[in-house]
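Dear colleague,

I am handing over the structure below, and I would be grateful if you could look through it alongside the notes that follow.

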Amino acid sequence: MLPADVLKVLNELLEQLHRKDKDHQGSPVFIYAPGSQYVDKQFVIRASPPTPSPTGEGERPRDGELPEVLATDEAMILWQKVQQAGYVDDHYQPLLSRTQSALLADAMAERLGIKEKWKVFGELWHRKNMYNDYYRAMEQHQSLRFQDKLKQLFD
């Protein structure tokens, strides 16, 4: 099976799961395949597609998609940049390691003036103890390079 075929089958499976469990979005889904090992629980999050902002700067999500502090025009410009860089998906979920995600949250929060960054991003990304991930990232040398990439991206 080609990778594109695998993705198509996976998307169909996720869509079926979503239709059967509309009242329990975000419930853990356990995925098994013959001969495979256990895959840690994955979360299926259904999000509405973004809509254009009234000012034309970036895209604004539909109601309930993002917290208000992460749905401003300035935030949407940052989201667009990190999506284009491949750091988050179309539903604003990180495609990075936990430590890099924490660095991204810190950089966005600093740029947007968000005081309760770990609470805001922790709820959005369904992560607990993001501050621990951040401090772990600060101990890693590769984190400095990633922080430099984020600074260049946001400037």
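**What was found**

Thr99 is found in helix α3, which covers residues 98-112; please bear in mind throughout that this is a predicted model. At a relative accessibility of 10%, Thr99 falls under the 20% limit and therefore counts as buried. Once its neighbours within four places in sequence are left aside, the residues in contact with Thr99 are Asp133, Arg136, Ala137 and Gln140.

Turning to the aromatic residues, the structure holds six aromatic pairs. One of them is formed by Tyr87 and Phe146, which meet edge-to-face, with 5.2 Å from centre to centre and 65° between the planes. Tyr87 lies in the loop between α2 (73-84) and α3, while Phe146 belongs to helix α6 (residues 141-154), so the pair ties together parts that are 59 residues apart in sequence. Tyr87 and Phe146 are both buried. Elsewhere, Trp79, Tyr92, Phe121 and Trp125 form one aromatic cluster. A further ring to look at is that of Tyr134, since Lys117 lies over its face, at 5.8 Å from the ring centre.

The loop between α4 (117-125) and α5 (130-138) deserves a look for its backbone, and His126 has its place there. His126 is not a glycine, and yet it has a positive phi of about 55°. With a relative accessible area of 46%, His126 is partly exposed. Asn129 also lies in the loop between α4 and α5, and for Asn129, again not a glycine, phi is positive at about 55°. The relative accessible area of Asn129 is 43%, which means that this residue, too, is partly exposed.

Finally, there is the surface to consider, where Leu7, Leu10 and Leu13 form a nonpolar patch that has about 250 Å² of accessible area together. Of these residues, Leu10 has its place in helix α1, which is made up of residues 3-20. Leu10 counts as partly exposed because its relative accessibility is 36%, a value in between the 20% limit for buried residues and the 50% limit for exposed ones.

With best wishes

Conventions
Residues are numbered from 1 along each chain as its sequence is written. This is a predicted model: local features need pLDDT of at least 70, side-chain atom pairs count only at pLDDT 80 or more; totals for chains, interfaces and linings use all residues. Side-chain values use heavy atoms; hydrogens and water are left out. Helices (H or I, at least four residues) and strands (E, at least two) are DSSP runs, numbered from the N terminus. Buried means under 20% relative accessible area, exposed over 50%, partly exposed in between (1.4 Å probe, protein chains only). Contact means heavy atoms within 4.5 Å. Rings of Phe, Tyr and Trp (its six-membered ring) pair if their centres lie within 6.5 Å; planes under 30 degrees apart count as stacked, over 60 as edge-to-face and the rest as tilted. A charge sits over a ring if NZ of Lys or CZ of Arg is within 6 Å of the ring centre and within 35 degrees of the ring normal. Patches are made of residues with over 30% relative accessible area and no salt bridge: like charges are joined within 9 Å, nonpolar side chains (Val, Leu, Ile, Met, Phe, Trp, Tyr) within 5 Å. Accessible areas come from the Shrake-Rupley method with a 1.4 Å probe; for residues, only the protein chains shown count as cover. A salt bridge is a side-chain nitrogen of Lys or Arg within 4 Å of a carboxyl oxygen of Asp or Glu.
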